[in-house]
Amino acid sequence: MANHSADETFEVFIDDNFHYMDEDERYSIGRFKTYGAALEKAKSIVDRSLNDLLEPGKSADELMASYVMFGEDPFIRPTPEGVQRFSARDYARQRAPEVIDGAEKR
């Protein structure tokens, strides 16, 4: 994580997919001292959103479709140089089958 000054913080914002591209609906969930802590928070928001949208019998594709329509879409600013930008949608796509599988095992 090059070029990270000691006083720099990483802020996690949330866009609501239900209000896509409406910056008035955007809000900050907090500031974090490390990118890792911000990333952990962003991932937990996606996980919670997927679990909130889960319904019995829903497939991973259906869960993902619900997430794209109604889920919370966190992002982190700034992204450190040399680090790939966090994509909540990509993370949700990866997690949706795991959430479905976990629900089926309960």
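**Entry 1. Contacts and overall layout**

I began with the contacts separated by 6 or more positions, and found that residues 24 or more positions apart account for 66% of them in the protein. The model I am reading is a predicted one. I looked up its confidence next: the mean pLDDT of the protein is 88, and 85% of the residues reach 70 or more. Among the elements, I noted H1 with the highest mean pLDDT, 97, and H3 with the lowest, 91.

I then listed the secondary structure, which comes to 3 helices and 3 strands. Read from the N terminus, the order of the elements is β-β-α-α-β-α. I also looked up burial, and 36% of the 106 residues count as buried.

**Entry 2. The nonpolar core**

I turned to the largest nonpolar core, which has 22 residues. Which of its members touch the most other members? I found Val12, Val46, Leu50, Leu63, Tyr67, Ile76 and Phe86. The elements giving two or more residues to this core are E1, H1, helix H2 (60–70) and H3. H1 supplies the largest share, 7 residues.

I took Val46 from that list for a closer look. Neighbours within four places in sequence aside, Val46 is in contact with Tyr67, Glu72, Pro74, Phe86, Ala88, Tyr91 and Ala92. I noted that Tyr67 and Phe86 also stand among the core members with the most contacts to other members.

**Entry 3. Aromatic rings**

I searched the whole structure for aromatic pairs and recorded 3. I describe such a pair by the distance of the ring centres and the angle of the planes.

For Phe10 and Tyr35, I recorded centres 5.6 Å apart and planes at 80°; the pair is therefore edge-to-face. Phe10 belongs to strand E1 and Tyr35 to helix H1, 25 residues apart, and the pair thus links distant parts of the chain. I found both Phe10 and Tyr35 to be buried.

For Phe86 and Tyr91, the centres are 6.1 Å apart and the planes stand at 50°, so I entered this pair as tilted. Phe86 is buried, its relative accessible area being 9%. Tyr91 counts as buried too, at 11% relative accessibility.

I also looked for a charge over a ring. Arg77 lies over the face of Phe13, at 5.5 Å from the ring centre.

**Entry 4. Salt bridges**

My search of the whole structure gave 6 salt bridges, and I followed several of them in detail.

I looked first at Glu11 and Arg31, whose side chains meet in a salt bridge at 3.0 Å, N to O. This pair links distant parts of the chain, with Glu11 in strand E1 (residues 10–16) and Arg31 in strand E2 (residues 27–32), 20 residues apart. Are the partners buried or exposed? Glu11 counts as buried because its relative accessibility is 13%, whereas Arg31, at 55%, counts as exposed.

I then examined Asp15 and Arg26, which form a salt bridge at 2.7 Å, N to O. Asp15 is in strand E1 and Arg26 is in the loop between E1 and E2, 11 residues apart. Asp15 has a relative accessibility of 18% and so counts as buried. Arg26 has a relative accessible area of 23% and is partly exposed.

I also followed Asp47, which forms a salt bridge with Arg95, the closest N and O atoms being 2.8 Å apart. Asp47 lies in helix H1 (residues 35–53) and Arg95 in helix H3 (residues 88–104), so the pair ties together parts 48 residues apart in sequence. Through shared partners, salt bridges join Asp47, Arg95 and Glu98 into one network. Asp47 itself is buried, with a relative accessible area of 18%.

**Entry 5. Phe32**

I closed with Phe32, a residue of strand E2. I recorded a relative accessible area of 18% for Phe32, which is therefore buried. What does Phe32 touch, not counting residues up to four places away in sequence? I found Thr9, Phe10, Val12, Ala37, Ala38 and Lys41. Between Phe32 and Thr9 I noted a C-alpha to C-alpha distance of 5.5 Å, with their places 23 residues apart in the sequence numbering. Of the residues that Phe32 touches, Phe10 is the ring paired edge-to-face with Tyr35, and Val12 is one of the core members with the most contacts to other members.

Definitions and conventions
Residues are numbered from 1 along each chain as its sequence is written. Side-chain values use heavy atoms; hydrogens and water are left out. A salt bridge is a side-chain nitrogen of Lys or Arg within 4 Å of a carboxyl oxygen of Asp or Glu. Helices (H or I, at least four residues) and strands (E, at least two) are DSSP runs, numbered from the N terminus. Buried means under 20% relative accessible area, exposed over 50%, partly exposed in between (1.4 Å probe, protein chains only). A nonpolar core is a set of buried Ala, Val, Leu, Ile, Met, Phe, Trp, Tyr and Cys residues joined through side-chain atoms within 4.5 Å. Contact means heavy atoms within 4.5 Å. Rings of Phe, Tyr and Trp (its six-membered ring) pair if their centres lie within 6.5 Å; planes under 30 degrees apart count as stacked, over 60 as edge-to-face and the rest as tilted. A charge sits over a ring if NZ of Lys or CZ of Arg is within 6 Å of the ring centre and within 35 degrees of the ring normal. pLDDT is the predictor's confidence in each residue, from 0 to 100.
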